[in-house]
Amino acid sequence: MALNLSQKQEVVAELAEVAAKAHSLVAAEYAGTTVSQMTEMRKKARQSGVFLKVVKNTLAARAVAGTEFEVVKDALVGPLLYAFSTEEPGAAGRLIKEFAKTNDKLKPKVVSIEGKLFDAKHVDVLASLPTREEALAMLARVLAEPVTMFARAVKAVADKQGGGEVAAEAPAEA
């Protein structure tokens, strides 16, 4: 179904708004994907904070103009599905990688992060980025490690000097 001028402007405006806030973009060929597969992918995209859209490449090129994703304009060739990560940088990569495993028709073509253009192989790298919760857990472990090491060192010194047993018995006697 062909879009009229106002509908095209709405699509470009919507995409431009998403592109301005997105962390990463994955464009993938989807030709041959069934409607049920696309529906399932859209449902999973909504759950994982990914904006998924199928639009003409000329409209997508206009939408990303002036954003950090402008570098992809020349790589937009063929029927493409656009996945913008709106919450976590790796969400779009994980989504496309997950569905490409079960659907050989879905092929990543372009990856863009922070104004840089990458080829399709970088979908694996993008998909391997930790989620926000995983990154916070890693940070907490890194921050807690010096305190843990200090406590172990103090305990080792106390044990070596024989103070560990006396300190443990003192509260029992009181």
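What covers the buried residues of helix H3 includes helix H1 and strand S3 (80–85). This is a predicted model, and H3 is a handy place to start reading it. The buried residues of H3 are Asn57, Leu59, Ala60, Ala61, Ala63 and Val64. That makes 6 of the 8 residues of H3, so this helix is largely enclosed by the rest of the structure. Just past the helix comes Gly66, with a positive phi near 85°.

Let's look at one of the covering elements, H1. Helix H1 spans residues 5–21 and H3 spans residues 57–64; the two pack with their axes 8 Å apart, at an angle of about 50°. H1 and H3 are therefore oblique to each other, and H1 passes H3 in a right-handed crossing. On the H1 side, the contact is built from Lys8, Val11, Val12, Leu15, Ala16 and Ala19, while H3 brings in Leu59, Ala60, Arg62, Ala63 and Val64. Sorted by class, that contact comes out as 9 nonpolar residues, 2 charged ones and no polar ones. Several of the H3 names will look familiar: Leu59, Ala60, Ala63 and Val64 are also among the buried residues of that helix.

Now for the other covering element, strand S3. Leu80 lies in this strand, and at 1% relative accessibility Leu80 counts as buried, since the cut-off is under 20%. Who surrounds Leu80? Setting aside residues up to four places away in sequence, Leu80 touches Ala27, Ala28, Glu29, Tyr30, Val54, Val55, Asn57 and Lys109. Asn57 deserves a second look here, being one of the buried residues of H3. Ala65, on the other hand, is 15 residues from Leu80 in sequence and 17 Å from Leu80 in space, C-alpha to C-alpha.

There is a second helix pair to visit, H2 with H4. Helix H2 takes in residues 35–48 and helix H4 residues 91–102; their axes are 10 Å apart and make an angle of about 155°. H2 and H4 are therefore roughly antiparallel to each other, as angles over 145 degrees count that way. H2 passes H4 in a right-handed crossing. The H2 side of the contact consists of Gln37, Glu40, Met41, Lys44, Ala45 and Ser48, and the H4 side of Ala91, Leu95, Ile96, Glu98 and Phe99. By class, the residues in this contact of H2 with H4 split into 6 nonpolar, 2 polar and 3 charged.

Next, follow the chain to strand S4 and find Ser112 there. Is Ser112 buried or exposed? With a relative accessible area of 0%, Ser112 is buried. Leaving out neighbours within four places in sequence, Ser112 is in contact with Ser24, Leu25, Glu68, Phe69, Val71 and Val72. Take Val72 as an example: 40 residues separate Val72 from Ser112 in sequence, yet their C-alpha atoms are 7.1 Å apart in space.

Move on a little and you reach Glu114, in the loop between strand S4 (107–113) and strand S5 (116–118). Glu114 has a phi near 50°, a positive value in a residue other than glycine. Unlike buried Ser112, Glu114 is exposed, with a relative accessible area of 59%.

Further along sits Ala158, in helix H6 (residues 132–160). Ala158 is partly exposed, with a relative accessible area of 26%. For a sense of distance, try Thr34: the C-alpha atoms of Ala158 and Thr34 are separated by 68 Å, with the two positions 124 residues apart along the chain.

Finally, step back to the protein chain as a whole. How many helices and strands does the chain have? The count is 7 helices and 5 strands, and along the sequence they run in the pattern α-β-α-β-α-β-α-β-β-α-α-α. The C-alpha atoms fill a box of roughly 85 × 35 × 30 Å along the principal axes. The radius of gyration is 25 Å, whereas a compact globule of 174 residues would come out near 16 Å. Of the 174 residues, 31% count as buried. As for contacts with a separation of 6 or more, 78% are between residues 24 or more positions apart.

Notes: Residues are numbered from 1 along each chain as its sequence is written. This is a predicted model: local features need pLDDT of at least 70, side-chain atom pairs count only at pLDDT 80 or more; totals for chains, interfaces and linings use all residues. Side-chain values use heavy atoms; hydrogens and water are left out. Axes are lines fitted to C-alpha atoms, for helices over the stretch in contact, and angles run from 0 to 180 degrees between N-to-C directions. Helices (H or I, at least four residues) and strands (E, at least two) are DSSP runs, numbered from the N terminus. Angles under 35 degrees count as roughly parallel, over 145 as roughly antiparallel, 65 to 115 as roughly perpendicular and the rest as oblique. A crossing is left-handed if the near helix is turned anticlockwise from the far one by less than a right angle, and right-handed if clockwise. Contact means heavy atoms within 4.5 Å. Ala, Val, Leu, Ile, Met, Phe, Trp, Tyr, Cys and Pro count as nonpolar, Asp, Glu, Lys and Arg as charged, and the others, Gly among them, as polar. The radius of gyration is taken over C-alpha atoms; the globule rule is 2.2 Å times the number of residues to the power 0.38. Buried means under 20% relative accessible area, exposed over 50%, partly exposed in between (1.4 Å probe, protein chains only).
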